[in-house]
Amino acid sequence: DKKITIAIDGFSSTGKSTVARRLARELGYVYVDTGAMYRAVTLYMMRKVFVSEGNFDKEAIVRHLPFISLHFEFDEELGYGHMYLNDENVEEEIRYMEVSQNVSKVSAIPEVRKMLVEQQQEMGKNKGVVMDGRDIGTVVFPDAELKIFMTASTEKRAQRRYDELKGRGDEVDFQEVLQNVKDRDYMDSTREDSPLRKADDAIEFDNSSMDLEEQFKKVLKLVKDRI
Ligand code: C5P
């Protein structure tokens, strides 16, 4: 079988990463969660207080980008890579609500995108990669052999996110989660640099009603047709 590049894009909490991870495991491919990278950069900037409620210091953010090093480390037990920020495992912390609330602002900065896109292209240069995000099929790998665009209703997505956070024991309010999903959808699809949009050649999946198994089978079939 030849190795291909699989790009999975879509709005937040559409179940992209679940499908992407499983696909990577099945095919023996590398999985890259690009959202985790934007989240890690955001966390770094929040710790430096360049990003906080009422403060957004774009200049300082750009100036500090060279001090950030990111890598994924595979966790055998969980079966996927954990995000490391300057050699610290931040996989848990980057999922916190506060990070979710700031990440779309930080991701809109062109210098941030340029740095992360270059790293993502490097990670996928040998193909055999499943990458999920917002601009994978449009910007990072416009030549990907398979592009999937995932959608689901806002309510469904907020519910999924809420269950996920609750399951981890986080104290969250459904309305707050719903609002965050809406805000990020809006910011991610209206920003100037690499807005979220479906690539012309991407295959759309609405998984509002489809179950995971069904979805996975369909995607796997699309892969098999291409390898
Ligand atoms: O995928 P996830 O929801 O974790 O992504 C968090 C945020 O990171 C998104 O809302 C978006 O602002 C940003 N992002 C991006 N481009 C990507 C992946 C994520 O701008 N390729």
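How far does a polar side-chain atom of Arg 191 lie from an oxygen atom of the ligand? In this predicted model, the separation is 2.8 Å. Let's start from that contact and work outward.

## Contacts with the ligand

Arg 191 has company among the arginines. The side chain of Arg 113 places an N or O atom 2.7 Å from an oxygen atom of the ligand, and for Arg 134 the distance from a polar side-chain atom to a ligand oxygen is 2.9 Å. With the protein in place, 96% of the ligand's accessible area is covered, out of the 460 Å² that the ligand has on its own.

Where does the ligand sit? You will find the ligand in the largest pocket. The elements that each contribute two or more residues to the shell around the ligand are α2 (34-47), α4 (97-107) and α8 (174-190).

## Make-up of the shell

If you are setting up a selection around the ligand, expect 15 surrounding residues. The closest of these are Arg 39, Arg 113, Asp 135, Asp 188 and Arg 191. Arg 113 and Arg 191 thus appear in that closest group, and each of them also has the polar side-chain approach described above, at 2.7 Å for Arg 113 and 2.8 Å for Arg 191.

Which element gives the largest share of the shell? Helix α2 does, with 4 residues. Sorted by residue class, the shell holds 7 charged, 6 polar and 2 nonpolar residues.

## Two serines with positive phi

Now for some backbone geometry. Most residues other than glycine have a negative phi. Ser 13 departs from that pattern, with a positive phi near 55°. Ser 13 belongs to the loop that links β1 (5-10) to α1 (16-27). Is Ser 13 buried or exposed? Its relative accessibility is 15%, so Ser 13 counts as buried, the cut-off being under 20%.

Ser 194 also has a positive phi, near 50°, and is likewise a residue other than glycine. The loop that holds Ser 194 runs between α8 and β10 (203-206); α8 is one of the elements that give two or more residues to the ligand shell. Ser 194 counts as buried because its relative accessible area is 13%, under the 20% limit.

## Buried residues and long spans

Three further residues are worth a look in your viewer. Met 45 lies in helix α2, the helix that supplies 4 residues to the ligand shell. With a relative accessible area of 0%, Met 45 is buried. From Met 45 to Val 223 the chain runs 178 residues, and their C-alpha atoms are 38 Å apart.

Ala 60 is part of helix α3 (residues 58-64), and a relative accessible area of 1% makes Ala 60 buried. Between Ala 60 and Leu 212 there are 42 Å from C-alpha to C-alpha, with a sequence separation of 152 residues.

Leu 65 sits in the loop between α3 and β5 (70-75). At 6% relative accessible area, Leu 65 is buried too. Its C-alpha is 28 Å from that of Asp 143, a residue 78 positions away in sequence.

Conventions
Residues numbered from 1 in each chain as written. Predicted model: local features only at pLDDT ≥ 70, side-chain atom pairs only at ≥ 80, totals over all residues. Heavy atoms only, no water. Near = heavy atom within 4 Å. Polar contact = N/O pair within 3.5 Å; in protein donor to acceptor, adjacent residues only side chain to side chain. Areas by Shrake-Rupley, 256 points an atom, 1.4 Å probe, with all protein chains shown as cover. 1 Å grid on protein atoms, 1.4 Å probe; cavity = no way out; pocket = protein on both sides within 12 Å on 5 of 7 lines; lining within 4 Å. Sits in = over half its atoms within 2 Å of the grid points. Nonpolar A, V, L, I, M, F, W, Y, C, P; charged D, E, K, R; others polar. Buried < 20%, exposed > 50% of the residue type's maximum accessible area, 1.4 Å probe, protein only.
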